[in-house]
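Take a look at the structure below. This report walks through some of its contacts, one group at a time.

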Amino acid sequence: MTTETTVSTAAALALGDDALVLSHRLGEWAGSAPVLEEEVALANIALDLLGQARVLLSLVGDEDELAYLREERSFRNSQLVEQPNGDFAHTIARQLYFSTYQRLLYGQLASGDGPFAGLAAKAVKEVAYHQDHAEHWTLRLGDGTPESHQRMQRACDALWRYTGELFQPVDGLDVDLPALETTWLDSVTDVLGRATLTVPSGPRTGAWSAGAGRQGLHTEPFGRMLAEMQHLHRSHPGATW
Amino acid sequence: MTAVTAGTTGTTGTPGASDAAVAAEQAAYEAVFDAAVAADERIEPRDWMPEDYRASLVRQIAQHAHSEIIGMQPEANWITRAPSLRRKAILMAKVQDEAGHGLYLYSAAETLGTSRDELLDKLHSGRQKYSSIFNYPTLTWADVGAIGWLVDGAAITNQVPLCRCSYGPYARAMVRVCKEESFHQRQGYEALLALSNGTEAQHAMAQDAVNRWWWPSLMMFGPPDDESTHTAQAMAWKIKRHTNDELRQRFVDIAVPQAEALGLTLPDPDIRWNEERGHYDFGPIDWTEFWDVLKGNGPCNDQRLSKRRQAHEDGAWVREAAAAYAEKHTGKHGEAQA
């Protein structure tokens, strides 16, 4: 056993809650995807993320207690991942922003020897696939029809304000997040350019309302999401499933 | 096994040949087809086959594919409420597998000269059916377990013999489908077992779900043999290997001891072992309900079809975008991005 691998609760929850919440959102697509291949792809990505979440939450405590018995103010996910699915373009824009970030983050973690290196080494392969999927759909929607272009642009613009938060420092996460931010911007700018989309011009962080998920300050749709997710578990205290 | 290769449409005939010659050729093809079926050989897409055989397979495979797709809904209904992360992962994987099964089956149907778009259109317009079981609602978490145990159990009983179906692409699809279905069935059983052995409330939830799903599961085998219009022909063609009633009996014989092991009862006071027959006797099925659900009057018929149509309509702009993008870029990069 290694001795230097004390897990930072804040870091494990930040990464784990991101994966848990985004997985949940993608799970909401089941049965409603635009083509059957996307039923498979979105569920596949959701499952990968749920797998990551389970490992990360288990580093801190009992995965189910953490997922089902914490209240909104105790969740540490970024506000980006809790945003409602919207149309397919919104889901893809969220995926593009997040998977690009996650790929860079896990790439860094995998190359280090911290407590997340093992998980990151496995997850980086998954998130490379997620990023590829998001990129290809960004290209198809951005450079598809006038309608898909407009929808994709609107989605990219609407979610832009939630992207800055991803690069705020997280306690115990041994990654130079501001350095990742530059690479992230370059990557996203490149994909959007190839998709004939304009890089959004608005702020990437704002007042407290955008960019405080890591402090447990979330957006309104999140509470409703948790109510649905936790209802059954909370209705049967102490039960095993 | 290849019988006779005669294009994909089944129509033959050489320009200028006499009617008698065409008829003789047709008879020869039929004889080869009949001999291949009799010898348990597989019919393949390019083999000649009777038009009725083709139509019957398209109907059955399409209905099977549609059932996988509509069948995602009652279970997906619980993905966002699954009570533990482990159960949530299992359920997501299952629903994903169902979409995959739908894809295999549409591919198998396409080898018969139809297309997925055409089949989906028939599903959406109500011209093709899906399994009536999916017109029942999932009201509690235990329904997910009951579906795994009973509905998947019935499906497997139906589908294992289809692995030996005379049409090769369908038989091969079923081999893959059955492997995954068996896995789901065990997981469903295990989920119910956890509930049955859990708190009083959980046990009651499990029992209630079994009470609601038992009879609809028995109906999955279709009408009784004397009312089944397709059975005789399907058996002669070796598409089906057993009658509806035979398979239903087989399912009951397997399910009764499983229910006992679960510590749950089946909602049928007439179930008892019949020493003479070597089978479990069971009570009469409410065929009025069966035909009613089939005709569209089940609890969720409208809801299921509306949701499917909605997903398709909402996704139209996405599919158009993919097609437009592929059109623009196929030439440039030499690859289609569909």
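Where is Lys94(B) found? Helix α4 of chain B, residues 85-110, holds Lys94(B). The model is predicted. Keep that in mind throughout.

**A lysine in chain B**

Is Lys94(B) buried or exposed? Its relative accessible area is 5%. Buried means under 20%, so Lys94(B) counts as buried. What does Lys94(B) touch, apart from neighbours within four places in sequence? Its contacts are Glu75(B), Ile147(B), Gly148(B), Asp152(B) and His184(B).

One of these contacts is a salt bridge. Lys94(B) pairs with Asp152(B), and the closest N and O atoms are 2.7 Å apart. This pair links distant parts of the chain. Lys94(B) lies in helix α4 of chain B, while Asp152(B) lies in helix α6 of chain B, residues 141-159. The two residues are 58 apart in the chain. Both partners are buried.

**Other salt bridges**

Side chains of opposite charge can pair when their charged atoms come close. How many salt bridges does a search of the whole structure find? The count is 26 over all chains. The table lists some of them.

| Salt bridge | Closest N and O atoms |
|---|---|
| Glu37(A) and Arg116(B) | 2.5 Å |
| Glu181(A) and Arg204(A) | 2.8 Å |
| Lys94(B) and Asp152(B) | 2.7 Å |
| Asp143(B) and Arg212(B) | 2.7 Å |

Start with Asp143(B) and Arg212(B), which form a salt bridge. This pair also links distant parts of the chain, 69 residues apart. Asp143(B) is in helix α6 of chain B, and Arg212(B) is in helix α8 of chain B, residues 200-219. Asp143(B) is buried, with a relative accessible area of 0%. Arg212(B) is partly exposed, at 26%.

Now turn to chain A. Glu181(A) and Arg204(A) meet in a salt bridge. They connect distant parts of the chain, 23 residues apart. Glu181(A) belongs to helix α8 of chain A, residues 177-194, and Arg204(A) to the loop between α8 and α9 of chain A. Glu181(A) is partly exposed at 22% relative accessibility. Arg204(A) is buried, with a value of 14%.

**Around Asp87(A)**

Asp87(A) is found in the loop between α4 (79-82) and α5 of chain A. At 19% relative accessibility, Asp87(A) counts as buried, because the cut-off for that word is under 20%. Which residues share a network of salt bridges with Asp87(A)? They are Glu147(A) and Arg151(A). A polar contact of 3.0 Å also joins the side chains of Asp87(A) and Arg151(A). Leaving out residues up to four places away in sequence, Asp87(A) touches Trp29(A), Arg151(A) and Trp317(B).

**Aromatic pairs**

The structure holds 20 aromatic pairs over all chains. One of them joins Trp29(A) and Phe88(A) edge-to-face. Their ring centres are 5.9 Å apart, with 85° between the planes. The pair links distant parts of the chain, 59 residues apart. Trp29(A) sits in the loop between α1 and α2 of chain A, and Phe88(A) in helix α5 of chain A. Trp29(A) is buried at 10% relative accessibility. Phe88(A) is buried too, at 2%.

Ring pairs also build a cluster. Its members are Tyr97(A), Phe98(A), Tyr101(A), Trp160(A), Phe167(A) and Trp184(A).

**Where the chains meet**

The size of an interface is often given as the accessible area lost when the parts come together. How much do chain A and chain B bury between them? The area is about 4,100 Å², with 66% of it on carbon and sulfur atoms. Leu36(A), Arg140(A) and Trp241(A) supply 19% of the area that chain A buries against chain B, more than any other three residues.

In contact terms, 48 residues of chain A meet 47 residues of chain B. Two salt bridges are counted between the chains. The bridge from Glu37(A) to Arg116(B) joins chain A to chain B. There are also 14 residue pairs in polar contact, both at pLDDT 80 or more. On the side of chain A that touches chain B, α2(A) gives the most, with eleven residues. That side divides into 23 nonpolar, 13 polar and twelve charged residues.

Notes:
Residues numbered from 1 in each chain as written. Chains lettered and ligands numbered in written order. Predicted model: local features only at pLDDT ≥ 70, side-chain atom pairs only at ≥ 80, totals over all residues. Heavy atoms only, no water. Contact = heavy atoms within 4.5 Å. Buried area = accessible area lost by both parts, 1.4 Å probe. Salt bridge = Lys/Arg side-chain N within 4 Å of Asp/Glu carboxyl O. Polar contact = N/O pair within 3.5 Å; in protein donor to acceptor, adjacent residues only side chain to side chain. Helix = DSSP H or I, 4+ residues; strand = E, 2+ residues; numbered from the N terminus. Nonpolar A, V, L, I, M, F, W, Y, C, P; charged D, E, K, R; others polar. Buried < 20%, exposed > 50% of the residue type's maximum accessible area, 1.4 Å probe, protein only. Phe/Tyr/Trp six-rings, centres within 6.5 Å; stacked < 30°, edge-to-face > 60°.
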